[in-house]
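These are my notebook entries on a structure I went through element by element. I set down what I looked up and what I found.

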Protein chains: 2
Amino acid sequence: MSMDRLIEKIIRMQNPTVVGLDPKLDYVPDYIKEKMFDKYGNTLKAASKALYAFNKELIDNLCDIVPAVKPQCAYYEMYGWQGVKALAKTIRYAQEKGMFVIVDGKRNDIGTTMEAYTAGHLGEIDVNGETLTPFGGDALTVNAYLGSDGITPLLKTCLEYDKGIFVLVKTSNPSSGELQDREIDGVPVYRLMGELCERWGEADPGAFGYSGVGAVVGATYPEQLAQLRKDLPHTFFLVPGYGAQGGGAKDVAGGFDENGLGAIVNSSRAVMTAYKKEGCDEKDFGAAASREATRMRDEILGFIGKIGR
Amino acid sequence: MSMDRLIEKIIRMQNPTVVGLDPKLDYVPDYIKEKMFDKYGNTLKAASKALYAFNKELIDNLCDIVPAVKPQCAYYEMYGWQGVKALAKTIRYAQEKGMFVIVDGKRNDIGTTMEAYTAGHLGEIDVNGETLTPFGGDALTVNAYLGSDGITPLLKTCLEYDKGIFVLVKTSNPSSGELQDREIDGVPVYRLMGELCERWGEADPGAFGYSGVGAVVGATYPEQLAQLRKDLPHTFFLVPGYGAQGGGAKDVAGGFDENGLGAIVNSSRAVMTAYKKEGCDEKDFGAAASREATRMRDEILGFIGKIGR
């Protein structure tokens, strides 16, 4: 457990960002889609092959600049089991290229069922004596509405396999306050959830002071983000909502500690569809993604300075 | 939207129960596993084939007695994309046999991402002009920690395709109270969540008075279940925790209204592994499952009487 592997990559690359791989078919350049439709027909298999080809080239263009990718499960499940196959291949390819993979599944359940999610997404399973790795992500986002029974089954596997989790604390969407901002004994729910993260993470503090139990805190609530950074000193933040959802570099700056650590900021659409915004040849989509990822890195570094002591 | 299709089946079969299809490889009889390992090696493919063969025979033996099945996504994802293929095939086969399929995924996200989950699990997608059905479940369990932004993307699809959702309200596990029982302005979180279900369901009240937005309420908290039945008159309950988790027929009785409607009670392990408990020939696992499902039905009917007006 712990976020050490992720933090080491962030320091080495001097880049506290992660690119979300949420490959809607609309985002994929036509030449890739046409090739797959010609070969496999208008099928889920063709869609899945197109997603993977798109991801693969994005990863090739990002792996030397960006420490991590965050595939969002929904965009793969949308294309059936064939789409989930593209997810599995994407995870494996990104890791081959040295990237840390945060699987954004927001999974949640209890007991042996949560153990099944854990084994599937972060661990290994036994099939008739053979040890197999179903998805093999490096970290998984989870939802803790069910309480500790939904989180403790993850912790053993995280420790054993050196993996991490990110618990939803304060999400980036407008209605997140319907439950998360409501106060229990004067403390908002998101803060209560954050305190649980601190407690769950105690078993393994990590070399940089951040445990393997991180938190999702949206860029769209900069004040809460900055306050949570102070209140949760051992909890690493995954920060969505930068770019398309309205959060800017200034908004995320409060999520970092005095060493420029403590958070990783996600951008999905702006990087994946940079070629559309640039208006360049669609075959240059990978280079355009790399330019946008570089711009984002530089913008955030401009606010936080050098990363690491 | 609405739970009408499910309720009609419950009345026709006089059976307010659903069988959870959570097929751990441990539950699958050896003769099925050995056949698949011989044919496909010790692989995820073999595991997936074994799960599906197991489910198929369970469905064959249950479809004339039980109105619905509830596959739990975790036990399929545990075997990688190959396991997810078994999930897709299971959903389709159960529907061919006339069963209502509740996909237990506890999915949650916001906006277009939640739309992607919705399209994948309950709706249709467009692939180059072809309309395809990725998973095609009849209902999906969801987690509303993110607020209305996580639920409204589901409602349009539920209305359009006559599908339903079950929102986690009061879960069956011991630690569910860590968040769900905490009080906000004197009202516990689970009750607040229940009230949101009533509000989200207003768009389509349903022929039996129950909307398409149901709630998950555990059998292990019989007092809360009975109180919620009174407080949430338009919200249909999916009730886990019967059997293996400790809830009995008496405990679930309070979840039903005066017409014996308003709830469907889940049992997973006790039905799937009835052959082990009975000690019968493992090849009779389907008949043993049917016997246990019948026993459960009769036990619950003993408390609630005839279903429907």
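**A helix pair in chain A**

I began with two helices of chain A and found that α6(A) passes α7(A) in a right-handed crossing. The model is a predicted one, and I read every entry below with that in mind. Two packed helices are described by the angle between their axes and the distance between the axes. For α6 (residues 111-121) and α7 (residues 152-161) of chain A, I noted that the axes come within 8 Å and cross at roughly 35 degrees. Looking up who makes this contact, I listed A:G111, A:M114, A:E115, A:T118 and A:A119 on α6(A), with A:P153, A:L154 and A:T157 on α7(A). Sorted by character, the residues of this contact divide into 4 nonpolar, 3 polar and 1 charged.

**Helix α7 in chain B**

I then turned to α7 of chain B (residues 152-161), where I found B:P153, B:L154, B:L155, B:T157 and B:C158 buried. The buried residues of α7(B) pack against α6, β6 (139-142), β7 and α9 (189-200) of chain B. Just after the helix I noted B:D162, which takes a positive phi of about 60 degrees.

Since α9(B) is among those partners, I also looked up B:E195, which lies in that helix. Is B:E195 buried or exposed? I recorded it as partly exposed, because it has 15 other C-beta atoms within 10 Å, and a residue needs 20 or more to be called buried. B:E195 and B:L228 are 33 residues apart in sequence, and their C-alpha atoms are 9.6 Å apart in space.

**Helix α1 in chain B**

In α1 of chain B (residues 4-13), the buried residues are B:L6, B:I7 and B:I10. Seen down the axis of α1(B), they fall within an arc of 95 degrees, so they line one face of the helix. I traced what this set packs against and found β2 (68-71), β3 (100-107), β7 (164-170) and β12 (263-267) of chain B. The residue that follows α1(B) is B:Q14, with a positive phi near 50 degrees.

**The core**

Nonpolar side chains tend to be buried together in soluble globular proteins. Here I noted that the largest nonpolar core has 214 residues, and that those with the most contacts inside it are A:A68, A:V167, A:V239, B:A68, B:V167 and B:V239. I followed one of them, A:A68, and, leaving out residues up to four places away in sequence, found it touching A:L6, A:K9, A:V18, A:M99, A:F100, A:V101, A:I102 and A:I264.

**A buried loop residue**

A:T220 lies in the loop between β10 (213-217) and α10 (222-231) of chain A. I recorded A:T220 as buried, because 23 other C-beta atoms lie within 10 Å. Beyond its neighbours within four places in sequence, A:T220 is in contact with A:S172, A:G241, A:Q245, A:G246 and A:G247. Its C-alpha atom is separated by 7.4 Å from that of A:Y242, 22 residues apart along the chain.

**Where the chains meet**

How many residues does each chain give to the contact? I found 54 from chain B and 54 from chain A. On the chain B side, the elements giving two or more residues include α3 (44-62), α5 (80-96), α6 (111-121) and β4 (125-127). The largest share of that side, 7 residues, comes from α6(B). As a last entry, I noted that the residues of the chain B side divide into 26 nonpolar, 19 polar and 9 charged.

Definitions and conventions. Residues numbered from 1 in each chain as written. Chains lettered and ligands numbered in written order. Predicted model: local features only at pLDDT ≥ 70, side-chain atom pairs only at ≥ 80, totals over all residues. Buried ≥ 20, exposed ≤ 12 C-beta atoms within 10 Å, placed from the backbone. Helix = DSSP H or I, 4+ residues; strand = E, 2+ residues; numbered from the N terminus. Arc of directions from axis to C-beta. Contact = placed C-beta atoms within 7 Å. Nonpolar A, V, L, I, M, F, W, Y, C, P; charged D, E, K, R; others polar. Core = buried A, V, L, I, M, F, W, Y, C linked by C-beta atoms within 7 Å. Axes fitted to C-alpha atoms, helices over the stretch in contact; angles between N-to-C directions. Left-handed = near helix turned anticlockwise from the far one by under 90°.
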